[in-house]
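Here's a walk through one protein model, from its inside to its surface. Have the structure open as you read.

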Amino acid sequence: MDDRGRLAQPLKRPGSAAAKPRRAGRRAVAERPAWWQAAVDVAARLGRKIENQAIRLVRWVPRRAGAIASAALVLASLGYGVYKGEHGAAITGYLGDLRDDAANAAGFRIAGLSITGNTQLSEADVLAAAGITARTSLLFLDVEATRRKLEATPWIAQASVRKFYPGSLTIAIEERRAFALWQKDGKLSIIAEDGTVLGPLGERRLTTLPLVVGPGAGARAREFVAILDRYPAIRDQLRASVLVAERRWNLKLKNGLDIRLPETEIERALDNLVALDREKKILSRDLTAIDMRLPDRLTVRLSDEAAAAREQALKEKKKRKGGDA
């Protein structure tokens, strides 16, 4: 009862939902939506399946899996070491030698060998180019691979390889023709007609070949030598043809005379040179250089002795003129 004599009433009826206290126990879980419980059930079933599969996998792994894994690791390490150390070719060659030894023991040794077509190359050069050794067996010799090796050699234009069991091998080659000598950076090389470098001069007696000098001279030798062949009077006195700046040629004669040809119209310049030599023996004069680079004039340079003699002759001529006066 309050101070005015009225009976105090509770704000909410005892039977109402608001008057009842909320519980956080099983009743609160029951109030979650149905999809939540379905998701929980699916997750539980999935977890049980994963567990069963893991158990089966453990049972499936062999008892010596550790030893197998260790061996695989050792093999992988060896393979990596071979790769990094670049020993693959050596190992392959060793295994190939073992294979050839077994075939030779079985009667497939190369007992008869015939090599034809070689003039500049010796039999040892041909066998080395083909990769054939004393241990090579006829049984495992790859004819096509051997032919490719031979034709990769600059001296060999074509090659054929034939096997005749149980122990005969024939090799026929066609060599490239030595066309000229090419001097570059102080080194002499033999070149073919197409400019292919066949190899160093070495001990080969090919000093009668035309000599071309300078960068790019090897590739242009065939064209220029063909021009010179039409002028035997000059070609026979020639010691070397020098390509200057890969643009034009200088001729070095055996008597030391230097002929400077123009960049273009080489035939015209050579025609004039032959005519001058026929009329005035210019190639036999005491000269050191003939400059034909300009189309409308020819310049010559006297040797030191000739220049001194000419200067002395001019002095004497002046004296005579003075005396006459």
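## A parallel pair of strands

Let's start in the middle of things: isoleucine 259 has isoleucine 290 in strand 11 as its bridge partner. That pairing belongs to a set of three bridges joining strand 10 (residues 258-260) to strand 11, and the two strands run parallel. Keep in mind that this is a predicted model.

Strand 11 is pretty well tucked away: four of its five residues are buried, so the rest of the structure largely encloses it. Isoleucine 259 has plenty of company too. Leaving out residues up to four places away in sequence, isoleucine 259 touches Trp249, Asn250, Leu251, Leu253, Leu273, Leu283, Ile290 and Met292.

## The overall picture

Stepping back, the protein has 325 residues, and 26% of them count as buried. Its secondary structure adds up to ten helices and twelve strands. About 23300 Å² of the protein is exposed, with carbon and sulfur atoms supplying 55% of that.

What about contacts along the chain? Taking contacts between residues at least 6 apart in sequence, 45% join residues at least 24 apart.

## Two nonpolar cores

Which residues touch the most other members of the largest nonpolar core? They are Leu251, Ile259, Leu261, Leu270 and Leu283, out of 30 residues in that core. Several elements chip in with at least two residues each: strand 4 (180-184), helix 7 (217-228), strand 8 (238-244), strand 9 (248-253), helix 9 (266-280) and strand 11 (287-291). Helix 7 gives the most, with six residues.

There's another core apart from this one, made up of 25 residues, with Leu121, Ala130, Leu198 and Leu201 among them.

## A buried isoleucine in a loop

Isoleucine 282 sits in the loop between helix 9 and strand 11. Is it buried or exposed? Isoleucine 282 has a relative accessible area of 11%, which is under the 20% cut-off, so it counts as buried.

Its contacts tell you what surrounds it. Not counting residues up to four places away in sequence, isoleucine 282 touches Leu257, Leu273, Leu276, Asp277, Leu287, Ile290, Leu298 and Val300. Take valine 300 from that list: it is 18 residues away along the chain, and its C-alpha atom is 9.6 Å from that of isoleucine 282.

## Salt bridges

Side chains of opposite charge can pair when their charged atoms come close. How many salt bridges does a search of the whole structure find? The search turns up 14.

One of them pairs arginine 135 with aspartate 101, with the closest N and O atoms 2.4 Å apart. Arginine 135 lies in the loop between helix 5 (123-130) and helix 6 (143-151), while aspartate 101 is in helix 4 (residues 88-105), so this pair ties together parts that are 34 residues apart in sequence. Both ends count as partly exposed, arginine 135 at 37% relative accessibility and aspartate 101 at 30%.

## A charged network and a half-hidden pair

Helix 6 has a salt bridge of its own, where the side chains of arginine 147 and glutamate 151 meet at 2.8 Å, N to O. These two are four residues apart in the helix, so about one helical turn separates them. Arginine 147 is partly exposed at 23% relative accessibility, and glutamate 151 is partly exposed as well, at 29%. The pair is part of a salt-bridge network that links Glu144, Arg147, Arg148 and Glu151.

Lysine 252 and aspartate 258 make another salt bridge, with 3.4 Å between the closest N and O atoms. Here the two ends part ways: lysine 252 counts as partly exposed at 28% relative accessibility, whereas aspartate 258 is buried at 9%.

## From helix 4 to a surface patch

Back in helix 4 you'll find aspartate 100, which counts as buried at 8% relative accessibility. Setting aside neighbours within four places in sequence, aspartate 100 is in contact with Arg135, Thr136, Ser137 and Phe140. Aspartate 100 and leucine 139 are 39 residues apart in sequence, with 8.0 Å between their C-alpha atoms.

Leu139 and Phe140 turn up again on the surface, where they form a nonpolar patch with Tyr165; together the three have about 290 Å² of accessible area. Tyrosine 165 comes from the loop between strand 2 (156-164) and strand 3 (168-175).

Notes:
Residues are numbered from 1 along each chain as its sequence is written. This is a predicted model: local features need pLDDT of at least 70, side-chain atom pairs count only at pLDDT 80 or more; totals for chains, interfaces and linings use all residues. Side-chain values use heavy atoms; hydrogens and water are left out. Patches are made of residues with over 30% relative accessible area and no salt bridge: like charges are joined within 9 Å, nonpolar side chains (Val, Leu, Ile, Met, Phe, Trp, Tyr) within 5 Å. Accessible areas come from the Shrake-Rupley method with a 1.4 Å probe; for residues, only the protein chains shown count as cover. A salt bridge is a side-chain nitrogen of Lys or Arg within 4 Å of a carboxyl oxygen of Asp or Glu. Buried means under 20% relative accessible area, exposed over 50%, partly exposed in between (1.4 Å probe, protein chains only). Contact means heavy atoms within 4.5 Å. A nonpolar core is a set of buried Ala, Val, Leu, Ile, Met, Phe, Trp, Tyr and Cys residues joined through side-chain atoms within 4.5 Å. Two strands pair if DSSP finds at least two bridges between them.
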